[in-house]
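Trainee: Please take me closely through the site that holds the ligand in this model, and then through the sheets and loops of the same chain. I should like the cut-offs stated as you go.

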Amino acid sequence: MTQMIDGKAISAKIKEELKAEVGQKKEEGKEICLAVVQVGNDAASCVYVNNKKKACAFVGIKSLAYELEETVSEEELLLLIEKLNQDEKVNGILVQLPLPEHISEERVINAISPSKDVDGFHPVNVGNLCIGRKGFLPCTPAGIIQLLKRSGVEIEGKECVVIGRSNIVGKPMQMLLLRENGTVTIAHSRTKNLKEVAKRADILVVAVGKPKFITADFVKEGAVVIDVGIHRNNENKLCGDVDFDSVKEKASAITPVPGGVGPMTIAMLMNNCVETIRN
Ligand code: NAP
């Protein structure tokens, strides 16, 4: 029987654990505050920001909302970030991406103090991940490691193939699997013989951004398949980068979409916020 890796249940458990930890810290007089900055009112960003605020309320983290006009200048945004960097009461700063075209995401990410960068996107945190030092981990790949560990999937010594090399998913995923002693291959749009490469995987992580791209013929019998993709079809139904119905027949364990990787991202953001007050 194929194991369904239940991201909804695992993320709920992590949030419960964090809530208990935050409750204890409050008794010691420690509070956590996350500043959430949103520019404009892109519909998807509004949903993500609301979900993050809800998760903060559940866990016991104070959230401050900064809703800026779509036309705000880059300079004004950078000034706000600097103010939040200096504010001792603010533990974490999150700027919801994407930003309008006239604002450089790179300059904005670089402006956030690495010690408050709970998304884990600042080059200092990326560098720390690469050289195995402590730092904030990007939420989606960190969530995938938790999904694997909490589902009893051993990573050490396994052939891991990550398809996709984005800065927010593929590359940090590769580093985290390596940190867990997996043997890691990263594939991308220029990879030759992708099917053969993918079929080597005991653990296959798919982040290509193409609906149902990975079919059963990319998957080794008994592999664990993690689907990062999120797409909405014409009937408003969600699906991933993996053709779930055919792949589940071959995989030993698989994440569904929705209810797999998605819920883990916010749980790990909450974990990064709590990390700001751990020693
Ligand atoms: P991205 O920046 O678009 O990167 C896609 C990657 O896939 C690129 O590295 C690209 O290769 C590779 N690729 C594209 N076509 C390919 C092909 N035919 N064969 C092999 N590789 C191919 O995407 P992303 O930001 O990593 O996101 C990937 C998916 O995950 C999207 O569906 C996104 O919505 C979803 N996502 C979900 C969460 C979550 O919380 N669940 C979080 C983030 C993203 P090149 O580098 O060579 O172009």
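Mentor: The account begins with the ligand, moves to the sheets and ends with some unusual points in the backbone.

The model is predicted, so local features require pLDDT of at least 70 and side-chain atom pairs count only at pLDDT 80 or more, while totals for chains, interfaces and linings use all residues. Residues are numbered from 1 along each chain as its sequence is written, and side-chain values rest on heavy atoms, with hydrogens and water left out.

The shell around the ligand holds 23 residues, a residue being near when one of its heavy atoms lies within 4 Å. Those that come nearest are Arg 165, Ser 166, Ser 189, Lys 210 and Thr 265. By residue class, the shell divides into ten nonpolar, ten polar and three charged residues; Gly is counted as polar in this scheme, and Asp, Glu, Lys and Arg as charged.

Several polar contacts (pairs of N or O atoms within 3.5 Å) can be described individually. Thr 265 places an N or O atom of its side chain 2.7 Å from an oxygen atom of the ligand. Two backbone contacts may be set beside this one. A polar backbone atom of Ile 230 is 3.3 Å from a ligand oxygen, and a backbone N or O atom of Val 228 lies 3.4 Å from an oxygen of the ligand. On its own, the ligand has 930 Å² of accessible area, of which the protein covers 71%; the areas come from the Shrake-Rupley method with a 1.4 Å probe.

Turning to the sheets, helices (H or I, at least four residues) and strands (E, at least two) are DSSP runs numbered from the N terminus, and two strands pair if DSSP finds at least two bridges between them. Six strands make an open sheet with parallel pairing, in the order 1-11-8-7-5-6. Strand 1 (3–4) and strand 6 (183–187) stand at its edges; each has a single partner strand, so one side of each lacks a neighbour in the sheet. Within this sheet, strand 8 (residues 224–227) runs parallel to strand 11 (residues 253–254), joined to it by two bridges, and Val 225 has Ile 254 of strand 11 as its bridge partner. Helix 7 (residues 170–179) lies across strand 5 (159–163), strand 6 and strand 7 (203–206), at about 170 degrees to strand 6; angles run from 0 to 180 degrees between N-to-C directions of axes fitted to C-alpha atoms.

Another open sheet has three strands in the order 3-2-4, again with parallel pairing. Its edges are strand 3 (62–68) and strand 4 (92–95), each with a single partner, so one side of each is without a neighbour in the sheet. The twist averages 15 degrees from one strand to the next. Seven bridges join strand 2 (residues 33–39) to strand 3, where Ala 65 stands opposite Val 36. Helix 2 (residues 43–59) packs on this sheet, touching strands 2, 3 and 4, and its direction makes about 170 degrees with that of strand 2; contact here means heavy atoms within 4.5 Å.

Finally, the loops. The Leu 97 to Pro 98 peptide bond is cis, with omega about 5 degrees, and Pro 98 lies between strand 4 and helix 4 (105–111). Val 257 and Pro 258 are also joined by a cis bond, with omega near 0 degrees; Pro 258 sits in the loop between strand 11 and helix 10 (262–275). Asn 181, although not a glycine, has a positive phi of about 70 degrees, in the loop between helix 7 and strand 6.

Technical notes:
Polar contact = N/O pair within 3.5 Å; in protein donor to acceptor, adjacent residues only side chain to side chain.
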